Structures are given as C-alpha cells and as structure tokens.
Amino acid sequence: MTTHEELCAWSRAYCERVAETDAFAVDLSRVEWEVSTRAKRRAAAVKRPRIDGAVVGEERDWDGDVPTCTVSLTWAAFDAFSEAEWTATLRHELVHVEEFQRFGTTDHGPRFERRAAAVDAPIRVRRFAPAAYVLSCAACEEVVARRYRACKLVRRHDDYVSSCCAANLTVDERE
C-alpha cells in the first residue's frame, strides 16, 4: 500500500471480514478511519467520545444511535510491522470498538484480556519506534528501562539505582 486511503480501505476490509468470522458485535458503519503520521509509539488507537457514567461491563442502551468512533492507524507502525502483526493490531482495536459500542468506554482490563485471547489479539501492541533513552545498570549493564522522552528518570538518573545490583544507572541517548 502506498497511500493513506489504501491503508484505511485495506484495514477496514480486513476488519469487516474478521468481524464476521470471529463474531465481533460491532457496527462498522459507526467507525471512521484515519491515518496518523505523527504518532511515534502507538500503532493504532480508537478515538471515542467520553460518555459520562460509562463503565466496562455495564451495557449501554443507545436507542439505535451508537456514537461514532475513529480508528486511527499509524503509518510508521504499518510500515514496521509484518502483515500478521498488523492484522493482530487491527483485531486488538476491534476489541476496543466492540467494548465502546457495548459499554460506552473501553480499557485493557480482564474482560478485554479474555476477548483479545479469544480472537488471537495481543493485550498490548508493541511499540514500533525505538526508545530515545535506554537506562542500564552500571554494574552488570542490564537494561532496566527504556524511555521515549527526557522524563525525570532520564534527567535525574543519578538519583536512582538498579533493582538488579542496586548500582547507579547509565543513560544511553539514541538518535
């Protein structure tokens, strides 16, 4: 695929096929599709309106008017993933769409975990971009953390010790 429109069309068609096969309770006519070129860590996301009082596990009565949500696909993730990993990512997002349309909200809780396992979707989708900072144990050189921004742990790494050796941390800044 070479265009955002092609990626959206292909991903939507895949989701339509898998929704029928795996009996997803989703109304894909209430789902919009977009591509992000800015996202650096998330492969995809379901953008949805906030529904006051919505709780996963408590059915919503939409009176036939399910709110629209948007599946935002990250171009760089699609480019970095194999087809199998991309389709697994799409199934993960379908579980979110299913929960949102059913409950008015979604999370990665036990219900999500059970449903994801049933449709062979990962609980967490891997981040496709390398971390900007890798923190390691100064004694044994074991990697203890990866960070994408210059957070407090990165800026003040001398204030922390590793859990493996209780040694200082070193920071390797990646490009």
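Helices (H or I, at least four residues) and strands (E, at least two) are DSSP runs, numbered from the N terminus. Those labels will guide us through this structure. It is a predicted model, so local features need pLDDT of at least 70, side-chain atom pairs count only at pLDDT 80 or more, and totals for chains, interfaces and linings use all residues. Residues are numbered from 1 along each chain as its sequence is written, and side-chain values use heavy atoms, leaving out hydrogens and water.

Start with confidence. The predictor's confidence in each residue is called pLDDT and runs from 0 to 100. The protein chain averages 94, and 99% of the residues score at least 70. Among the elements, strand β3 (residues 69-74) has the highest mean pLDDT, at 98. Strand β5 (residues 143-147) has the lowest, at 91.

Now look at the sheets. Strands of a sheet pair through backbone hydrogen bonds, either parallel or antiparallel. Here, two strands pair if DSSP finds at least two bridges between them. One open sheet has 3 strands in the order β1-β3-β2, with mixed pairing. Its edge strands are β1 (31-36) and β2 (44-47), and each pairs on one side only. Neighbouring strands in this sheet are turned by 20 degrees against each other on average, direction ignored. Such angles come from axes, which are lines fitted to C-alpha atoms, for helices over the stretch in contact; they run from 0 to 180 degrees between N-to-C directions.

Strands β1 and β3 run parallel and are joined by 6 bridges. Find S36, which stands opposite T74 in β3. Helix α1 (residues 4-21) packs on this sheet and touches β1 and β3. Contact here means heavy atoms within 4.5 Å. The direction of α1 makes about 140 degrees with that of β1.

What fills the inside? A residue is buried under 20% relative accessible area, exposed over 50%, and partly exposed in between (1.4 Å probe, protein chains only). A nonpolar core is a set of buried Ala, Val, Leu, Ile, Met, Phe, Trp, Tyr and Cys residues joined through side-chain atoms within 4.5 Å. The largest such core has 36 residues. F24, L73 and W86 have the most contacts inside it. At least two core residues come from each of α1, β1, β2, β3, α2 (75-80), α3 (83-103) and α4 (110-118). A second, separate core has 6 residues, including Y133, L153, V154 and L169.

Two residues show how such contacts are spread. Leaving aside residues up to four places away in sequence, W86 touches L7, W10, S11, A43, L73, T74, A77, F78 and F81. R91 lies in helix α3. It counts as buried because its relative accessibility is 9%. By the same sequence cut-off, of up to four places, R91 touches Y14, V18, D22, F24, V119, D120 and A121.

Move on to the other sheet. It is open too, with 3 strands in the order β5-β4-β6 and antiparallel pairing. Its edge strands are β5 and β6, each pairing on one side only. The twist averages 20 degrees from one strand to the next. Strands β4 and β5 pair over 4 bridges in the antiparallel sense. Y133 has R147 in β5 as its bridge partner.

S136 is found in strand β4 (residues 133-137). At 12% relative accessibility, S136 counts as buried. Beyond residues up to four places away in sequence, S136 touches E141, E142, V143, V144, N168, L169 and T170.

Two loop residues deserve a look at their backbone. Most residues other than glycine have a negative phi. E141, in the loop between β4 and β5, has a positive phi of about 70 degrees although it is not a glycine. E141 is exposed, with a relative accessible area of 63%. A166 sits in the loop between α5 (152-155) and β6 (169-173). Its phi is positive as well, near 55 degrees. A166 is exposed, at 56% relative accessible area.

Last come the cysteines. How many disulfides are there? A disulfide is a pair of cysteine sulfur atoms within 2.5 Å. By this rule the count is 0. Take C137: the closest cysteine sulfur is in C164, 3.6 Å away, so it is too far for a bond. C140 is also 3.6 Å from its closest cysteine sulfur, in C164, and that is too far for a bond. C137 is buried, at 1% relative accessibility, while C140 is partly exposed, at 37%.
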